[in-house]
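Q: Please take a close look at one part of this model, the packing between its helices, and describe it in a connected way.

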Amino acid sequence: MLKLNAKQWVLIAVCFAVAAVVNYLIWLIAMGKPGEISGFYHILNTLCLGAAFLIVADRFAKTQIYK
């Protein structure tokens, strides 16, 4: 298992928090009512967005989560 330092954990938490907000805003703008979509879909979409944000942020922050 990977041993992550505090800076890496903060980056992971921030990326997934931003992903949750972006997911909500996307569906709010596109659908008008994000509650009409299944919660499971929101979770999967947030995970995908969070992973994408994490890959990009890891490159810029140089935290070396992905070596």
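**Helix 1 against helix 2**

A: In this predicted model, helix 1 and helix 2 are oblique to each other. Their axes come within 7 Å and cross at roughly 130°. That angle lies outside the 65 to 115 degrees that count as roughly perpendicular, and it is not over 145, the cut-off for roughly antiparallel, so the oblique class applies. As to hand, helix 1 passes helix 2 in a right-handed crossing. Sorted by class, the residues in the contact of helix 1 with helix 2 are 17 nonpolar, five polar and two charged.

The nonpolar side of this packing can be followed into the core. The largest nonpolar core has six residues in all: Leu11, Ile12, Cys15, Leu54, Ala57 and Ile65. Helix 1 and helix 2 are the elements that give two or more residues to this core. The most comes from helix 1, which contributes three residues. In soluble globular proteins, nonpolar side chains tend to be buried together.

An aromatic pair also joins the two helices. A search of the whole structure finds one such pair. It is formed by Trp27 and Tyr41, whose ring centres are 5.7 Å apart and whose planes stand at 80°, so the pair is edge-to-face; the cut-off for that class is over 60 degrees. The pair links distant parts of the chain, since Trp27 belongs to helix 1 (residues 6-31) and Tyr41 to helix 2 (residues 39-61), with their positions 14 residues apart in the numbering. The partners fall into separate accessibility classes: Trp27 counts as buried at 16% relative accessibility, whereas Tyr41, at 40%, counts as partly exposed.

Single residues in each helix add to the description. Leu25 is placed in helix 1 and counts as partly exposed, with 41% relative accessibility. Between Leu25 and Ile12 there are 20 Å from C-alpha to C-alpha, and they are 13 residues apart along the chain. Ile12 is itself one of the residues of the largest nonpolar core. In helix 2 there is His42, which counts as buried because its relative accessibility is 16%, and buried means under 20%. The C-alpha atom of His42 is separated by 28 Å from that of Thr63, 21 residues away along the chain.

Outside the helices, two lysines can be placed. Lys33 lies in the loop between helix 1 and helix 2. Its relative accessible area is 52%, so Lys33 is exposed; the cut-off is over 50%. From Lys33 to Gln8 the C-alpha distance is 34 Å, with the two residues 25 apart in sequence. The other lysine, Lys62, is found in the segment after helix 2. Lys62 is exposed as well, with a relative accessible area of 67%. Its backbone has a positive phi of about 55°, although Lys62 is not a glycine.

To put the part together: helix 1 and helix 2 cross obliquely, share a contact with 17 nonpolar residues, each give two or more residues to the largest nonpolar core, and are linked by the pair of Trp27 and Tyr41.

Key. Residues are numbered from 1 along each chain as its sequence is written. This is a predicted model: local features need pLDDT of at least 70, side-chain atom pairs count only at pLDDT 80 or more; totals for chains, interfaces and linings use all residues. Side-chain values use heavy atoms; hydrogens and water are left out. Rings of Phe, Tyr and Trp (its six-membered ring) pair if their centres lie within 6.5 Å; planes under 30 degrees apart count as stacked, over 60 as edge-to-face and the rest as tilted. Helices (H or I, at least four residues) and strands (E, at least two) are DSSP runs, numbered from the N terminus. Buried means under 20% relative accessible area, exposed over 50%, partly exposed in between (1.4 Å probe, protein chains only). Axes are lines fitted to C-alpha atoms, for helices over the stretch in contact, and angles run from 0 to 180 degrees between N-to-C directions. Angles under 35 degrees count as roughly parallel, over 145 as roughly antiparallel, 65 to 115 as roughly perpendicular and the rest as oblique. A crossing is left-handed if the near helix is turned anticlockwise from the far one by less than a right angle, and right-handed if clockwise. Ala, Val, Leu, Ile, Met, Phe, Trp, Tyr, Cys and Pro count as nonpolar, Asp, Glu, Lys and Arg as charged, and the others, Gly among them, as polar. A nonpolar core is a set of buried Ala, Val, Leu, Ile, Met, Phe, Trp, Tyr and Cys residues joined through side-chain atoms within 4.5 Å.
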